[in-house]
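Morning, everyone. Please have the structure open while I talk.

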Amino acid sequence: MLPSSTLFTFFLLSIITFVSSQLSNPSASLENGNVKLTFNVPTSLREELVVIRLDRGDGSRSQNILFIYKADFSTKVEATLTNKLTVTTSASERKVEIAISGVQSGDAGMYQCWDGAGASGTVLPNCGHKLIIVSKPKPPSILSLTSALEGQTLKLSCNTSSTSLPPDHGLNSNILWRDEQNTIIGIPAGNKFVMNADGHLEILNIQRLDRGRKFTCTSSDKADNINNAPVSDPSLPYEIKPEYKPSSSDMVLDPAIVSDSKIVKHENEDLTITCTITCEPACSVQWSFQAYASSSFSPVQLSESHILNLKVKQTDQGTYRCTGTNKYGETYKEFQLEVHYINTPVVRVNEKTEDSSRVVENEQVRLYCTIDAKPVPKITWNSPTGVLVSEEGKPSPQVSSRVLQNNYTNSYTLNSVQCENSGMYSCEGHNIVSSVERKINILVMCPPSSSAIPALALEPEYVWEMSKSLSFSFVIKAFPEPEVIRVISMVNDISRTEEKNKDITITKSSKYDGKDYLTKFTFTVIRTLDMNDKDRTFKMTFESSEFKRDLQFIIRPRGPPQPVTNITTVDITHNSVKIFWFAAFNGGEQQNFNVEYRHLTESSSSPWTTGAKDIKDLHLSGMWTEAVIENLGSSTDYEFRIVSSNTLGTAQSLPFRIKTLDGLSKSLNGGVIAGIVITVIIFIVVIFIAAILIYRKKTNASRRHEYSKAHPPYDTIVRGGIRDEHEYSVIAKTSLARYSNGGIKDEHHYSELVETSNGHYMNVSTKRDKDNIQDIDNLDRSTQDRDEAHYQSIDLFKS
């Protein structure tokens, strides 16, 4: 939406302001407005020519606007203004109307009628008018006319700066006051804000809560015939700063500290606390210190009185106070300082203290981190990737963990380190005081090998265009950094030495990806390659100060694919077969496979039929590609082949033959037969086991009955032994004591038999029973062996 001042400007373009020369008030217009000025020319003229001139009031020379001839009351417009002025005259009424279109600031000033031209001309009375061009004032400024004393009235003045012309336009300013919410205040007068007749803002009853409140003012030039004069941009904000006695809420400690709280610092650590206080008038600031054993505060000598800056020592423990004072009073904040410490860790690798350590690949590395600290720290080992490699814990001072007085050690073992384990390891320790860290660079020495970085691994083969040179980059994993000292190539059992800068160039870049053990090489063949270099093997010898190793690759020209290898057939049925194969070199292009077959007879072969089409090569090394061919005839000889193709050509495998199963397999295949056989065998085994269990149950019941007749329960005899001792002796032919001893023995013997019976008999009492149990166990085992053998035969039958 356009601002109101702009809308009003457009409105003025469609109207004409009529200005009467008889009015004493000046005429006003906005820029780009249209103005009509009317002049009443008197009859008593001394000269033959009346000139209307414009005096801009800025000290510049007046400008002729219009010439009026006394004789016939005709007019002539100044030549430079003919496109801007339109003149209408009435000789009978002695009136001249000048219409000015699109007025600008240069059109402002006093238009006066002169009797005569040149220096002899005189001003005609009541024949003139002042034209004011109202413009947007400059941003005003705010001045305080009174002090902002608590409980008093603050008076603010908005000093305006008009840009309307002419400079002596005499327009009054229209003042508006706004608060920090951009809300107009003071009009109408309220309990807090009043704008008086002079445009001053009066803020009543200043309070501390008024601190930080901000006010702005705007101004516009007030003209009678202009309702929406341009408004100035707001003044800079005026912020209230009441004067009062300071309190603790006016004081800020940075870093923030709650009064009477405790700060823990370790020895030799910097402690910097800045004390600031907002006071009106300003406060003086002083730090003071009270030692634990002292009863009074003493000033702290500081380079800047409001900044407490210490290199903490044990003797600095105590209470620190910041005091702010002005003429109305004082306030303070204080805190306690407690000094702890934690020193830099001492790191050892395999019992050696050093900042960098070289180890050989596959060695065991033991990392130790010892920290002298109070209170007890927690110690953590981090790997080069930032992953936690040792459990975080609170070590205890035990001899077994090599802890000395206030020394705490944490260790971690790297078993069989690899080149990838190289890097910066860090030991971090922390307690309630602070955190400390010590790093050690572990360099694992390893022989040259290809990295696993995508697109930068040394590939087993590379494809080149016959018309272009061969160039590729790869990253080698090795430390120390290797050099390529020799390149030998071979094709058809004929080898040659590739000379650097003649046949090949090899450039390298150290510390790839910022890792010491990665080196990037770029290999370029600069001699001309042809088909004689097909399947040429390049062997590069890498050597460092510790290792020497050969790595090789094969180059192949881009072209048709090679035939597949390792063709295998499985799951041959009466109407289908599953075929597996390994994809060969794809010629440097995406390759697809078609499986074709034809029916063989004694006399002829049928045309080739595509059984599987457009099988994609997924480029998965060591993985089979497979296809299932269906809808074959039963008991039929077929010849198969696999056709590899890319955009550059095709290749066919050697044909191989397959015969589908006969008709029996069609109606009852091997899986169904095996299922029937297994079902019958399982049924026989279940019947056999059930018979054995029934037999055992009957035998156990009979033997328990015989045992209960010959041997009454032992505990029953003991409970009734006194009463029935004689009767029992007749039955058992022994004494109670003797039977008791025998009962104990029988119970022990019974327990032994139960343990050796493997759960088959739970109640036995004689050696004969034990023998019977053994016979049944043997029978069970033989049955189990026979069943397992039978199942194995079934599995063989299925396969």
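I will go through some strands, a surface patch and then the salt bridges. Keep in mind that this is a predicted model.

Start with the strands. Strand 4 covers residues 49–55, and strand 5 covers residues 63–69. They pair in the antiparallel sense, over six bridges. To find your place, look for Val 51, which stands opposite Phe 67 in strand 5.

Now stay on strand 5. Strand 6, residues 75–77, pairs with strand 5, again in the antiparallel sense. Here there are three bridges. Ile 68 stands opposite Thr 75 in strand 6. How many residues lie between the strands in this hairpin? Five. One residue in the hairpin, Phe 73, takes a positive phi near 55°.

Next, the surface. Go to helix 3, residues 670–710, and find Phe 683 there. Is Phe 683 buried or exposed? Its relative accessible area is 57%. Exposed means over 50%, so Phe 683 is exposed. Phe 683 also belongs to a nonpolar patch on the surface. The other members are Ile 676, Val 680, Ile 684 and Ile 687. Together the patch has about 510 Å² of accessible area.

On to charges. Side chains of opposite charge can pair when their charged atoms come close. A search of the whole structure finds 31 salt bridges. I will show you three of them.

The first example is Asp 250 with Arg 208, at 2.4 Å from N to O. This pair links distant parts of the chain, 42 residues apart. Asp 250 sits in the loop between strand 18 and strand 19. Arg 208 sits in the loop between strand 16 and strand 17. Asp 250 has 10% relative accessibility and counts as buried, while Arg 208, at 27%, counts as partly exposed.

Next example: Arg 598 and Glu 639, at 2.9 Å from N to O. Again the pair links distant parts of the chain, this time 41 residues apart. Arg 598 is in strand 45, and Glu 639 is in strand 48. Arg 598 is partly exposed at 23%. Glu 639 is buried at 11%.

There is also a network. Salt bridges that share partners join Arg 496, Glu 498, Asp 503, Arg 527, Asp 533 and Arg 536. Within this network, take Arg 496 and Glu 498 as the last example. Their closest N and O atoms are 3.5 Å apart. Arg 496 is partly exposed, with 31% relative accessible area. Glu 498 is buried, with 3%.

That is my tour. Thank you.

Definitions and conventions. Residues are numbered from 1 along each chain as its sequence is written. This is a predicted model: local features need pLDDT of at least 70, side-chain atom pairs count only at pLDDT 80 or more; totals for chains, interfaces and linings use all residues. Side-chain values use heavy atoms; hydrogens and water are left out. Two strands pair if DSSP finds at least two bridges between them. Helices (H or I, at least four residues) and strands (E, at least two) are DSSP runs, numbered from the N terminus. Patches are made of residues with over 30% relative accessible area and no salt bridge: like charges are joined within 9 Å, nonpolar side chains (Val, Leu, Ile, Met, Phe, Trp, Tyr) within 5 Å. Accessible areas come from the Shrake-Rupley method with a 1.4 Å probe; for residues, only the protein chains shown count as cover. A salt bridge is a side-chain nitrogen of Lys or Arg within 4 Å of a carboxyl oxygen of Asp or Glu. Buried means under 20% relative accessible area, exposed over 50%, partly exposed in between (1.4 Å probe, protein chains only).
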